[in-house]
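I opened this notebook to keep track of what I looked up, entry by entry. The structure comes before the notes.

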Amino acid sequence: MDIKERRGNGEGDALQRALVGATAVAAAAGAALFIGSKLRSGRGEPWISDAPRSTRRGRNSLIGRTVTIAKPAQEIYDFWRDFSNLAQVMENVERIDVIDQRQSHWVVKAPGGSTVEWDSVVTEDEPSRLIAWESTKGSNIRNSGRVEFLDAAPGRGTMVRLTMVYDPPGGTAGRLVAKLLQREPAEQARRDLRRLKQFLETGEITSSTSPSGRRSESPAKQYI
Amino acid sequence: MRALTWQGRHDVRVETVPDPEIVNPRDAIIRITSTAICGSDLHLYDGYIPTMRAGDILGHENMGEVVEVGAKSPLKKGQRVVIPFTVSCGDCFFCKKQQYSACDNANPATTSDMSETLYGYPMGAALGYAHLTGGYAGGQAEYLRVPYSDVGPIVIPDGLEDDKVLFLSDILPTGWMAAENAEIEEGDTVAVWGCGPVGLFAIQSALIMGAHKVIAIDHYAARLDLAKRLGAEILDYREVDVREALFEMTGGIGPDACIDCVGMESHGLGIDNLVDTAKAHTFLGTDRPAALRQAILACRKGGRVSVPGVYGGMADKFPIGAFMEKGLTLKTGQTHVQKYSQKLLEMIGEDKIDTTFLISHHASLEEGPSMYRHWHDDQDEYTKIVLKPGMERVAA
Ligand SMILES: [Zn+2]
Ligand SMILES: [Zn+2]
């Protein structure tokens with residue numbers, strides 16, 4: 001069964017299609033958009049809100065997204081902790097090879113049909129509470145992130161909060177360009193978390209693949 | 001297969017397209033036996049709904065025979081089913097609350113960004129509507145892919161012909177929910193703007209729910225006549241000042257509940273509506289809420305306003321002062337079709353609800369384009385069109 005989302009509806013032109021790449025965790029492939037700084041950086045700044053720091057106004061190097069999944073924390077943690085599962089829900093991840101308990105090897109689709117690869121290592125691991133990771137020292141794609149599993153209101157399941165460090169080259173302009181190309185990590189994170197939720201709640205990844213009168217498209221063709 | 005496709009404003013064509021396939025385990029594919037053209041299809045036809053793409057297959061009021069099922073579909077080949085226009089997963093927070101049209105999973109990850117930007121949250125999904133609501137193909141075609149076929153489809157017992165049950169797909173539960181949202185109490189007068197299919201079903205539902213009096217407002221004589229036959233008192237808004245007429249007909253109290261079954265393409269004579277029309281045509285604003293404004297002004301103090309009519313964008317001059325000072329309650333939303341399916345099917349089976357009175361025309365799929373034209377140009381004669389893909393083309 002092919003549980004990757006299949007879409008029949010081409011969106012945008014070929015150039016855009018070629019440029020769209022990268023996943024949440026991978027970020028923009030081919031360019032070192034992520035910095036390897038630890039997520040704890042910046043925690044010393046004054047902050048009186050109870051909201052996550054990723055919701056801070058203005059330029060923000062933290063990417064964050066929370067999604068509620070109607071499943072117990074343990075089940076979602078178990079799914080995530082076996083990193084090889086993530087390729088099912090992350091759009092541009094081709095595969096993730098689990099090397100050992102802490103290390104995994106990521107193969108991610110990049111623009112133009114190529115791939116980029118790196119090793120990632122788990123830095124924190126609290127069963128059914130949180131997982132944190134970062135790319136290993138030698139990787140040319142530097143990234144770090146953490147996912148927390150928080151109790152939602154009774155009966156509503158688990159709030160899954162993904163946070164990543166992101167510092168685009170070129171500052172605001174760089175971020176804008178990334179957004180135009182639909183490769184902005186925040187957007188990828190949003191979409192990947194939606195797919196995770198769909199898969200865990202419904203057993204499938206929602207797809208609107210269906211015929212159309214656009215002759216250039218076959219029903220099962222993917223457009224990204 | 002043959003399918004009716006949207007090509008642009010006032011341009012729909014029947015074309016040969018690929019057959020649908022099973023994509024996910026919970027899918028089913030049905031051979032369409034009846035598919036209706038909806039008032040909200042006119043919003044697409046008129047180009048008022050963003051995110052349509054040339055080639056999209058229209059049609060969200062569908063029924064047919066199951067011809068193929070995925071590994072996890074409980075349906076069986078040969079079963080007759082009506083398909084709700086709302087796509088709902090049945091597993092998310094919203095579906096569990098029976099708020100099916102707000103389903104959090106049915107809109108694919110790539111299309112739900114648009115509505116999150118427009119409305120603050122990703123929208124639910126619908127068949128045969130814009131990409132904003134998922135970009136699913138519709139059923140004005142020979143075949144239809146039905147996602148989450150274990151949640152939506154209503155299996156129809158033998159002996160109930162298509163015309164009796166087809167509208168379970170949308171307009172019947174939409175009219176019912178509109179009346180339910182009006183929270184009707186004994187002795188209530190309910191005013192209904194718009195006597196199209198949803199308005200007529202809202203009138204019927206309000207009377208079943210015990211409304212003392214229903215007052216129907218429109219300007220098409222044939223539609224007002226249908227409303228009268230259902231038991232409503234009627235108003236032609238070209239003849240009377242609606243607010244004043246409602247004031248007089250309710251002894252100075254006003255309608256207890258007002259239902260706007262018109263939505264964004266409201267006609268109307270007011271200067272505000274002319275301004276709105278100009279704006280809509282220049283895309284400065286999208287919605288013309290003449291009926292909604294009138295409903296808010298006409299509603300009694302402490303009354304309820306129910307809005308099943310479709311709006312998509314922003315509206316100017318929403319009478320927030322009247323709304324607040326009078327203490328009105330506003331309830332709205334796309335229909336949670338699956339919530340009402342079983343109950344309404346039973347009422348149809350017991351002859352408590354008739355839906356066939358509405359149908360003015362049956363036509364073949366190939367006649368679809370001319371039917372859209374008639375539906376757009378001649379709403380007095382064409383009250384509801386049902387396309388039958390299996391039907392021989394009759395002389396146009
Ligand atoms: Zn409809
Ligand atoms: Zn749902």
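The entries below deal with the contact between the chains and then with the metal sites.

**Entry 1: the model.** I note at the outset that this is a predicted model, and I read every value below as computed from it.

**Entry 2: extent of the interface.** I looked up how the two chains meet, and found 37 residues of chain A in contact with 42 residues of chain B. Together chain A and chain B bury about 3,200 Å², of which 44% is on carbon and sulfur atoms. I then asked which three residues supply the most of the area that chain A buries against chain B. They are Arg194(A), Glu204(A) and Pro211(A), which supply 19% of that area.

**Entry 3: polar and charged pairs.** Between chain A and chain B I counted seven salt bridges, while a search of the whole structure gives 33 over all chains. Arg194(A), already listed for its share of the buried area, meets Asp113(B) in a salt bridge at 2.9 Å, N to O. Asp113(B) lies in helix α3 (residues 112–119) of chain B and Arg194(A) in helix α5 of chain A, so this pair joins two chains. I also noted Arg214(A), which forms a salt bridge with Asp56(B), their closest N and O atoms being 3.0 Å apart. Across the interface of chain A and chain B there are 23 residue pairs in polar contact, with both residues at pLDDT 80 or more. Helix α5 (residues 185–202) gives the most to the side of chain A that touches chain B, namely nine residues, and that side as a whole divides into 18 charged, eleven polar and eight nonpolar residues.

**Entry 4: zinc ion (ligand 1).** Which residues coordinate this ion? I found Cys38(B) through SG, His60(B) through NE2, Glu61(B) through OE and Asp170(B) through OD, at 1.8 to 2.2 Å. Along the chain these donors follow the spacing C-x21-H-E-x108-D. Cys38(B) sits in the loop between β3 (28–37) and α1 (39–45) of chain B, and His60(B) in the loop between β4 (56–57) and β5 (61–69), so I recorded them as a pair 22 residues apart that links distant parts of the chain. Why is the arrangement irregular? The four donor atoms subtend angles of 89 to 137°, and a tetrahedral site needs all angles between 85 and 135 degrees.

**Entry 5: zinc ion (ligand 2).** Here the coordination comes from the SG atoms of Cys89(B), Cys92(B), Cys95(B) and Cys103(B), at 2.3 to 2.5 Å. The donors follow the spacing C-x2-C-x2-C-x7-C, and with angles of 100 to 118° among the four donor atoms the site is tetrahedral.

Key. Residues are numbered from 1 along each chain as its sequence is written. Chains are lettered from A and ligands numbered from 1 in the order in which they are written. This is a predicted model: local features need pLDDT of at least 70, side-chain atom pairs count only at pLDDT 80 or more; totals for chains, interfaces and linings use all residues. Side-chain values use heavy atoms; hydrogens and water are left out. Contact means heavy atoms within 4.5 Å. Buried area is the accessible area (1.4 Å probe) that two parts lose on being put together, summed over both. A salt bridge is a side-chain nitrogen of Lys or Arg within 4 Å of a carboxyl oxygen of Asp or Glu. A polar contact is a pair of N or O atoms within 3.5 Å; within protein, one must be able to donate a hydrogen and the other to accept it, and residues adjacent in sequence count only if both atoms are side-chain atoms. Helices (H or I, at least four residues) and strands (E, at least two) are DSSP runs, numbered from the N terminus. Ala, Val, Leu, Ile, Met, Phe, Trp, Tyr, Cys and Pro count as nonpolar, Asp, Glu, Lys and Arg as charged, and the others, Gly among them, as polar. Donors are N, O and S atoms within 2.8 Å of the metal (3.2 Å for Na, K and Ca); water is not among the atoms, so sites may look incomplete. Four donors count as tetrahedral if all angles lie between 85 and 135 degrees; four count as square planar and six as octahedral if opposite donors are over 155 degrees apart and all others between 65 and 115; anything else is irregular.
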